[in-house]
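Work through the exercises below with the model open beside you. Try each task before reading its solution.

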Amino acid sequence: MTGAFDPILIEVMKNELTAVAEEMGITMKRTARSLGAKEGSDFSTALVDAQGRLIAQGLTIGVHLGYIMGVMPWVLKKFGDDLHPGDVIVSNDPYGGVSHFPDIVLVMPIFWQEQLVGFAAIVEHHTDIGGRFPGGMGIACAEVYEEGVCIPGVKLFSKGELNHDLVDMIAANVRAPEDVRGDLDAQAAACRRGAQGVRDLLDRHGLEQFAACNEQLRQYSERAMRACIAAIPDGSYACTDLFEDDGLGGEGVNLRLAVTVAGESVRVDFDGTGPQVRSAINVPFNLTRACVYVAFRSILETDAPANSGLMAPIQVTAPEGCVVNPQFPGAVGARGMLMWRIIDMIFAALAQAIPDKVYAAGEGGANLLVYTPQVEAGVPSMLLDIYTSGWGARPDSDGVEGVTPMAAGGAMRSIPAEMIERECPVMLDGFGFLPDTGGPGQYRGALSVYRKWRFLGDGRVMLRTCRVKSVPYGLAGGKDGTPFAARLRSGEAETQLPSEMLIDTEVQSGETLLHIQPGAGGYGDPLARDPQLVLDDVLDEKISPAYAEREYGVAIDQSTEQVDRNRTTQLRATLRSELEA
Amino acid sequence: MRIGFDIGGTFTDVIVVDDDGRLFTTKVLSLLDQVGEDIVRCVHEVDAQAQVEGFVHGTTIASNAVIEETTARTGLITTQGFRDELEMRGQRRPNIYDADWDRLPPLVPRSLRLEVQERILGNGRIERALNPAQAQAVIDQLLADGVEAVAVCLVNSYLNPTHEQQLGQLIAEVAPDTVVCLSYDIHPEIREYERTSTTVINASLIPVVDRYLNRLEQHLSTYSERVLIMQSNGGIMSAQAARRRPAYMIESGPAAGVLAAARFAQETQQDQVLSFDMGGTTAKACLIENGAPLEKPGGEIGGGATITTRLFGGGGHALRVPSLDIVEVGAGGGSIAWIDDGGALRAGPQSASADPGPACYGRGGTEPTVTDANVVLGYMNPAAIAGATLAIDRQAAWTAIEQKVARPLKVEVLAAAYGITQVANATMMRALRAVSTERGRDPRDFTLIAFGGAGPIHAAALADSLSMTRVQIPLYPGLFSALGLLLADYRHDYIRSVAVTLDQLDPQAVLRHYQELEAQARTELVEEGIAEEQIRFERQVDLKYGYQVAELSLPFPDVSVTDMQDRLAQLFTEAHRQAFGYDRADTIELVSVRLQAVASSGHLRFTELTGAGSENAPAPPTSRTAYFGPQVGECEAAVYQRTALEQVRSGPLIVEEPDTTVVVPPGWTVQYDVSGNLLLQHE
């Protein structure tokens, strides 16, 4: 094929590439050691061409979309003429294209007939990376030096030979050395699988056809994204927000962005966003850009392949030294706190242009717990546990309950209790919905999801919640969601933990920790909610009859399990007049 | 005499093979109240004195009940704190970016998901004994709420079933007729959501399947007490086993067709084949390489089309039973054509099913279907089909399309009918893509084997759009799935959790596990009427590094007790290196032992089949007008019988058979080969 568009071949190549990237992910899942990777799927895989451009991605986590693209220029710059078959480069440097230290990227050059034809790459969120705080996501760090081991883009394998000294060096500095060693092996296995898959593809199609197809796929994705942007009315749409606090309990952080749509291109600039802070909530610029891509990918309705063409029409700028473009050596370990807010803000800005696509706020991002039991007999077994609450209500439907954030995960899952209990000295005592939470509205925000652990050994816990001060907002008359809470129970005594984004506390064996995540915001007037839907929620034990009367003005006849129409009319009239008064 | 029948959404296909290998076939409408009687009548017509060895049955009853949410009212008992895991499905969702997505409701509503006080630890030890009084209150509440079935799944019960068994006994004492399914019995593997979901599906299907089989057996007992059911894995099981494990028959009907295609591919020595089965309600595709259909250890049901990336999940209900890897989409002959809010023409997923059926059946249907379009276009006989047993009312089809599609879209009726077939074809293409391009296979290297009542009408057009150049239509294409039923072997899969590291392994115990599973398999298969010497066993062993979650299934080696540990370690290390390119000096765990018990059910071969009446000379060809799209327009297409096509002939032409119609569009040729198949090739 020389440039001629062969729709069947394009389709085959697109799916073959995706299948290879997916096969890498399956290899990772099957061979990984940490719970986060093998159960939670907190990793993503990608194929990149010889120029460093993304050609396919085995998507699991939406925000990973930008890491590989961020790290490739560094790899090419440093190793451009020093790449050999069997080499694997490793990096976790947030100022070298990656995101925060626990995210480790492996990149393997692919050679076919002695030519460099591309790269297989994988990023994974590791259990621990050393530093002051277990998990490497502590908030009270000012500089990256406090956050763990920096791996600055070096060779993990040289011509197929593993650099054992490097692995020993990393392992000696982390709290979960076996997890990190095992996962690095798995990541390398995934890269080899990806490289082999691409070589098989080249054996079938040849380099010329391979390159031509990739070029056409890139153009195809770019066309799709341009058409999507063109459908948004031209104009500049700004959004400002005050983020919880500076990470140290001080003032909130000013966030500002403007989305400027001009024809088929868009520019997102963060002018007006506050300066970087002395805590670890700074978001490396590479990740800021990834958040923008993810938001735009979410409004794209076709299933265009995830390649560099998709990002071509999108330009992202942020002033140097601001909280979303921090300068070295600003700490970034807890960037996950602020990262989700960027995505929420882009949606809020776009809402002005395309209002039928805006939703009330969800729980604010992927919440998590890191539990580090005291080391017994040299066998640490940390738990990195990621889970979520639910979606804000939408203009025409309720928020989905107990699911990964809208712009985040597809394959990501909460870790089963049975997996946790098999591997870590901790039990899950409950995981489910809390009735009478979430924001009332014509469409209801998702109920709050709680998670409750019982620790079987003394240790240290870090608990992260993304919306602590700003309860998830309701829209168009829908009420706000419900607030977060965390309680530590020791015997009969229960302690309410402080309202902080990141709680860092010691725990004793036998204590239980309850994390009540925020409930999501509602959409539209609660008194306009279809009484039948209110009844369904009552019968499903998601709201109580008293709550139905109080929030929705809907009375249920308990004996017939039907809506009491007359009392409902009266109740709603009373509630409405109280509102107006 | 053996009889196979496949109950589809619209038709039930019946195949009778007598003791001389002669084949009698018929189709009856799938009216569940009387299908048993209809089958008995068919047998009676063939030979009233027949000695019937048994009935083999493929059915969509189980999958339809889940999809249409008509499963039995079921309660779920979980460990305290875990009632909502069934609904959250691990918090996954099938799409990464779809903000309009809504979750499929769980099979058990929240109010019927109750919790008991008990706890088993992650090592299988009981931390807190089951509180019997509280458990009794929970059971009483479920019974008061009128549940027909109860699923029980407690945390860590895969290691220790004590509490589940106690709950089972408590229920049996107060409500002996209530169905109880314990997760340990159904799927004793780690991960509470997947185990709960599989248990719930099984429990909620038992009453439905039991009632259905009771009615059926009552009718069939005139000829034989022996009713066998096709399972999702392509093997058959007894009706008694199906009553206990209905979750294993979810893909019953589709599996039979794929199995037939796989046997066909084996016999004709084709190693690259896509099977395409189009019935009244859905179309299904499967990849068959070297005679073996792709299998999967489990999947999801109810999430719509089964196409999704392999790393995602959460669209449907998790179901962990081994099955053939079939992709299904909601387009079939009975799919109703409609205009959506945006003014676009759609086809399916709603189906006119058997009753009232397409408008052209004259049974009161007024909605235009894909079949009506095929009649209007001249592809299907405008007077009668199904061997002249079903009258066709072309005018009714014309009127339905005119009123519901042509007028609203302001187009000619022929153009509207052609549009309906194109829209249906686009949906079916997704299934074929999912099993070829999406698995990294180039469809151009494959032969399409098309069957099902409507498959051969659409096959060439579909092949065209994937640039496939070869299509085969086997003998009895309309009854192919039913035929697959008579080709299937008995197959039961057994698994026993061992979960012990190799250095702790007791080799004698491992051998004992296999011997016990073999004894169990032998008992069950002998009960199903299999001679003991016919049973073949395949031993497999699941091994992994201690920390991994996914194991490698390897054939269990023939070794002495003293060598077992070393040999298993060596086998696993080699296999891991082979699969992933590295090995580690790490603890290896034997996760479980598996046993596959297979017994041949007879030795029917395609090449030995003789159709009743096929020795008659074919009727001379006729012709009728058919429409092949705006570029070709209307033209006169010759209408042949299969056996008249000994020479290569070019389309447009139509082959009429008792059980289906084959459309050979312009640009395609067709020939009848020695083994009775039609080969369509692109010119």
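The exercises go from whole-chain descriptors to single residues, and the model is a predicted one.

**Exercise 1. Overall form of chain A**

Task: Decide how the radius of gyration of chain A compares with the globule rule.

Solution.
- Start with the secondary structure. Chain A holds twelve helices and 22 strands.
- Take the radius of gyration next. The value for chain A is 25 Å, and the globule rule gives 25 Å for 581 residues.
- Conclude. The two values are close, so chain A is as compact as a globular protein of that length.
- Add the box. Along the principal axes, the C-alpha atoms of chain A fill roughly 80 × 60 × 45 Å.
- Add burial. Of the 581 residues in chain A, 61% are buried.

**Exercise 2. Domains and contact range in chain A**

Task: State the domains into which chain A is divided, and find how far apart the centres of domain 1 and domain 3 lie.

Solution.
- List the bounds. Domain 1 of chain A covers 7-223, domain 2 covers 360-525 and domain 3 covers 530-580.
- Find the separation. The C-alpha centres of domain 1 and domain 3 of chain A are 53 Å apart.
- Check the contact range. Take the contacts in chain A between residues at least 6 apart in sequence: 74% of them join residues at least 24 apart.

**Exercise 3. The interface between chains A and B**

Task: Describe the side of chain A that touches chain B. Which element gives the largest share?

Solution.
- Count both sides. Chain A places 56 residues in contact with 49 residues of chain B.
- Name the elements. On the chain A side, two or more residues come from each of α1 (7-31), α5 (177-230), α6 (285-299), α9 (417-423) and β14 (426-434).
- Pick the main contributor. α1(A) gives the largest share, 13 residues.
- Split by class. The chain A side has 18 nonpolar, 18 polar and 20 charged residues.

**Exercise 4. A helix pair in chain B**

Task: Classify the packing of α9(B) against α14(B) as parallel or perpendicular.

Solution.
- Set the geometry. Helix α9 (residues 252-267) of chain B packs on helix α14 (residues 480-487) of chain B at about 75°, and their axes are 7 Å apart.
- Apply the cut-off. Angles of 65 to 115 degrees count as roughly perpendicular. α9(B) and α14(B) are therefore roughly perpendicular to each other.
- List the contact. α9(B) uses G253(B), A256(B), G257(B), L259(B), A260(B) and R263(B). α14(B) answers with F480(B), S481(B), L483(B), G484(B), L485(B) and L487(B).
- Sort by class. This contact has seven nonpolar, four polar and one charged residues.

**Exercise 5. Two residues in chain B**

Task: Are T661(B) and E527(B) buried or exposed? Give a sequence-distant partner distance for each.

Solution.
- Place T661(B). This residue lies in strand β36 (residues 661-664) of chain B.
- Count its neighbours. T661(B) has 21 other C-beta atoms within 10 Å, so T661(B) is buried.
- Look along the chain. P456(B) is 205 residues from T661(B) in sequence, yet their C-alpha atoms are 6.3 Å apart.
- Read the contacts. Neighbours within four places in sequence aside, T661(B) touches Y379(B), M380(B), N381(B), P456(B), I457(B), I654(B) and E656(B).
- Turn to E527(B). This residue sits in helix α15 (residues 507-527) of chain B.
- Count again. E527(B) has 11 C-beta neighbours inside 10 Å, so E527(B) counts as exposed.
- Take the distance. E527(B) and P254(B) are 273 residues apart along the chain, with 26 Å between their C-alpha atoms.

**Exercise 6. Backbone checks**

Task: Locate P329(A) and P652(B), then D436(A) and R191(B), and report the backbone angle given for each.

Solution.
- Begin with the prolines. The F328(A) to P329(A) peptide bond is cis, with omega near 5°. P329(A) is in the loop between β11 (314-317) and α8 (336-351) of chain A.
- Repeat in chain B. The G651(B) to P652(B) bond is cis, with omega near 5°. P652(B) is in the loop between β34 (649-650) and β35 (653-656) of chain B.
- Move to phi. D436(A) is not a glycine, and its phi is positive, near 60°. D436(A) lies in the loop between β14 and β15 (448-455) of chain A.
- Assign exposure. With 18 other C-beta atoms within 10 Å, D436(A) is partly exposed.
- Finish with R191(B). Its phi is near 100°, again positive in a non-glycine residue. R191(B) is in the loop between α6 (183-186) and α7 (192-220) of chain B. The count of other C-beta atoms within 10 Å is 20, so R191(B) is buried.

How values were computed:
Residues numbered from 1 in each chain as written. Chains lettered and ligands numbered in written order. Predicted model: local features only at pLDDT ≥ 70, side-chain atom pairs only at ≥ 80, totals over all residues. Axes fitted to C-alpha atoms, helices over the stretch in contact; angles between N-to-C directions. Helix = DSSP H or I, 4+ residues; strand = E, 2+ residues; numbered from the N terminus. Parallel < 35°, antiparallel > 145°, perpendicular 65-115°, else oblique. Contact = placed C-beta atoms within 7 Å. Nonpolar A, V, L, I, M, F, W, Y, C, P; charged D, E, K, R; others polar. Rg over C-alpha atoms; globule rule 2.2 N^0.38 Å. Buried ≥ 20, exposed ≤ 12 C-beta atoms within 10 Å, placed from the backbone. Domains from an automatic or database assignment.
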